[in-house]
Structures are given as structure tokens and as C-alpha cells.
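Q: I should like to learn how strand pairing, sheets and helix packing are read from a set of coordinates. Might we work through an example together?

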Amino acid sequence: MRVAFGVSALAAGMQQGGIDGIGSVARELLGRLQSSADVEVLPYEFAHIVSGEIPGTLAVGSFQRQALCSLFAPCSFPVMCRALHGRVDLVHATDHLIPRLRGTPVLATLMDAIPLSHPKWVAYRFRALKNVAWQRSAHWADHVLTISEFSRREIARHFRIPESRISVIPLGVDERWFNVPSDEDWQRVRAAYALPDQYFLAVGTLQPRKNLECLLQAHEALPEDVRHHFPLLIVGRDGWGCEALVSRLRAGTQPHVRWLNYVPRPDLPVLLSRATALLFPSLHEGFGLPVLEGFAAGTPVVAANTTSIPEVAGDAAILADPLDWMAWRDQMLKMTGSPDGIEERIRLGRQRARLFSWSNTVRELTRLYVQVAGSHTG
């Protein structure tokens, strides 16, 4: 099975020094697929000249120009068709950039429908026009892949795609999250970030739907001695719509809250494993991978009780209303003591995380490749 694999978002993240959720998933899948005996992978990037970030990547022209032509006429992406002619059996569009091709089946990954279900949470120019174009381009795919049953329902509703054309394959947890960091690793990371002995941790790109204002309000409402001994650390690049939040964090108006910005991959599991709790108050998630990573690291997780998060967390996380900051304050306060059942939560968390492995994801993905390629009619 020869598969063209989209790496545009991944390459852009590597160039900019910080990989987001879509790029991170593409990186995990690409490495494992390239090691698979069942799949021959050809990475492709929508560009005239590839960035050089990923060896062996093929340039397939401008997405915007080719998509614009295909939106107004029933034609394939000309540059991409010529570049891939006779070289692949399937195209996997991993990053919402879905091509229109004739003669080659297309599998499109849609992580969620957030730009359509909550347009106020996206900030790109000509939002309404681009959302309509995205809706139409999703129908160019022979089949759609998503990451949770919640997302499948959302995509079916907002894209008007039958659920029978949407498959669900959950994401995985890398084995590195289960490894107990050595004292040397902890001392290295602790020194690099000037970490205290105890802290709450929040992970995610700074943007409105991540709901970090809830945590700031909840943490500020804790008793002063608790705030002092259990500061709130925030990890994640600044995204969009967070200018006021970034200004507050940089100004240090809450002295027991620190923004660490982007943390490199080798450091994050160490940082997470030593946290008093991972706090994940997101208003909307297609999956919520940090919840599973917290489980794997042996850290108690307090997460929002909305969208896909309960589906992913099962009974291992403590769930709270993301709109009720007092509930988050109360959970933080409980975590500073020795809450009943917390060791059982940690055990259940590790057990839950073991159900989500990248090897399972790649195995199911390979089967889907065969299914989609075999059902293609031209």
C-alpha cells in the first residue's frame, strides 16, 4: 500500500518552533507508518518548494490556488495530480487541507468541527467564506477519519456527511509518558524552569476555548498559603484571542501563576509526572490527549465534563463543569491534602491510558487505508 501522507501542518510547526495538536498527531503517525512493513509512505507538502523539515517530502503546489479552482469547477488539483501520478494508491489528508483528485482515493482526517460549531473560537480572515469552502472540500474525500465518537456526530451534523462515511480511530499515548523520570531528569528540568516542589499544571495552546481564565479565577480564590505552596504553572504557546491573558501572565499580576510558554518534548513528561494535578478545563475538545498523557504519567487529572473528554477519560478523571470556577477551586483545594481515593484514580488512569496506544492506532489506520482504497470507484 503506497500512501501519500500530508505533512503541511507538521512542517509549518517545525519551522515556527512549536508543533500544535494536528502537527503532533501527524508526527506520531508518520514515524510509525514509515517503520511499518505494510505501508510505503510518501510525505507531501502543499508548497512549490518544500520546507526541508521532513526528508523525502514532495511539493504538490499551492493548496489555496488549486482549491479555489476546484471549488468553482469540477476539476482535480492539477499540480498535485501530476506530482503523484502513478506513485500512490491513496492520499491521506491529515491536516484539514483536503484535495480534490480524480482516480486516486482520498482519506481526510477531521479532528473536530470547531470552526463550524463555534466560529467565534477561530480568528482567520474571511472566516465565513473559508468555513463554507472547508465544508465543501470535506465532500471531496472518499472517506473521513476522526478521533472520537463525539467528533463523528459533530462532523456528520455540521458537514452534512453521513456517519457511515466517517470512521473513528482514537489517538494513542506514547510509551515515554509511562516512564518514571529519573532523579537526574527531574533535577535537570527543575533547574531549567525553576520549579517548586509542588504545583498545579495546565497544558494547551493559549486560546479562548482552553478556558484558562477559569483556572486563574479558581486559583486566585484559594487561601494565600495554598497559592504559595501550590502555584499554577501554564504550558503552551500563545495562540490567538489571548492578548489580554498573555499581558496578565507577563505582568505577573498573580504572583503564584507562571506561564512557561512552549516546553520541549523531552521535558514535558518530567514536568507532568511531578505535578500535584493536571487541570484541563477546556470548553471543547475533539479528543483531549493531554488527559491521557496525565494518566500515563501517574498524575491525578481534573478535566472538564463536556464534549469528548468524558468519552476519553472514562472513570479515571475527576470531572468538573468548566463554567463553574468554584468547582475547580474546590477540586484544587482537595488535591492539596490527601483526597480519598486518589491512589485508585491514579491506578485507573494508568490502566485507562494503556487502552490507547499508537500501535493500535496505526494498525487500525492501515486497515482503513486498505478499505478506502478497495472501495474507490474512480
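A: Let us begin with one pair of residues in this predicted model. Val144 stands opposite Ile166 in β7. The strand β6, residues 143–146, is joined to β7 by 3 bridges, and the two run parallel.

Q: What holds the strands of a sheet together in general, and which helix packs on the sheet, touching β6 and β7?
A: Strands of a sheet pair through backbone hydrogen bonds, either parallel or antiparallel. Helix α7 (residues 149–159) packs on the sheet here, in contact with β6 and β7, and its direction makes about 165 degrees with that of β7.

Q: In what order do the strands of the open sheet of 7 strands lie?
A: The order is β3-β2-β1-β4-β5-β6-β7, with parallel pairing. At the edges stand β3 (58–59) and β7 (166–168); each has a single partner strand, so one side of each is left without a neighbour in the sheet.

Q: How is the open sheet of 6 strands arranged?
A: Its strands follow the order β10-β9-β8-β11-β12-β13, and the pairing is parallel. Here β10 and β13 (318–320) are the edge strands, each with a single partner strand, so one side of each lacks a neighbour in the sheet. From one strand to the next, the twist averages 25 degrees.

Q: Which helix packs on this sheet, touching β11 and β12?
A: Helix α13, residues 289–296, packs on the sheet and touches β11 (277–280) and β12 (301–304). The direction of α13 makes about 170 degrees with that of β11. In addition, β11, α13 and β12 make a right-handed β-α-β unit.

Q: How many bridges pair β11 with β12, and which residue in β12 does Leu278 stand opposite?
A: The strands β11 and β12 pair in the parallel sense over 3 bridges, and Leu278 stands opposite Val301 in β12. Continuing towards the edge, β12 is joined to β13 by 3 bridges, again with the strands running parallel. In that pairing, Ala304 stands opposite Ala320 in β13.

Q: How should one picture the side chains along such a strand, and what are the pairings of β9?
A: In a regular strand the side chains alternate between the two faces of the sheet. As for the pairings, β9 (residues 232–235) and β10 (residues 257–261) pair in the parallel sense over 4 bridges, with Leu233 opposite Arg258 in β10. Strand β8, residues 200–203, also pairs with β9 in the parallel sense over 4 bridges; the bridge partner of Val203 in β9 is Val235.

Q: Which helix joins β9 and β10 in a β-α-β unit, and is that unit left-handed or right-handed?
A: The helix is α11, and the unit of β9, α11 and β10 is right-handed.

Q: At what angle do α9 and α11 pack, and which residues meet there?
A: A helix pair may be described by the angle and separation of the axes, the handedness of the crossing and the residues in contact. Helix α9 (residues 212–220) packs with α11 (residues 243–251) at an angle of about 35 degrees, with the axes 11 Å apart. The crossing of α9 past α11 is left-handed. Leu212, Glu213 and Leu216 in α9 meet Leu245, Arg248 and Leu249 in α11. The residues of this contact comprise 4 nonpolar, no polar and 2 charged.

Q: How many helices and strands does the chain have, and what is the radius of gyration of the chain?
A: The chain has 17 helices and 13 strands. Its radius of gyration is 21 Å, close to the 21 Å that the globule rule gives for 378 residues, so the chain is as compact as a globular protein of that length. Along the principal axes, the C-alpha atoms fill a box of roughly 65 × 45 × 40 Å.

Terms used:
Residues numbered from 1 in each chain as written. Predicted model: local features only at pLDDT ≥ 70, side-chain atom pairs only at ≥ 80, totals over all residues. Heavy atoms only, no water. Axes fitted to C-alpha atoms, helices over the stretch in contact; angles between N-to-C directions. Left-handed = near helix turned anticlockwise from the far one by under 90°. Contact = heavy atoms within 4.5 Å. Nonpolar A, V, L, I, M, F, W, Y, C, P; charged D, E, K, R; others polar. Pairing = 2+ DSSP bridges. Right-handed = clockwise from strand over helix to strand, strands pointing away. Rg over C-alpha atoms; globule rule 2.2 N^0.38 Å.
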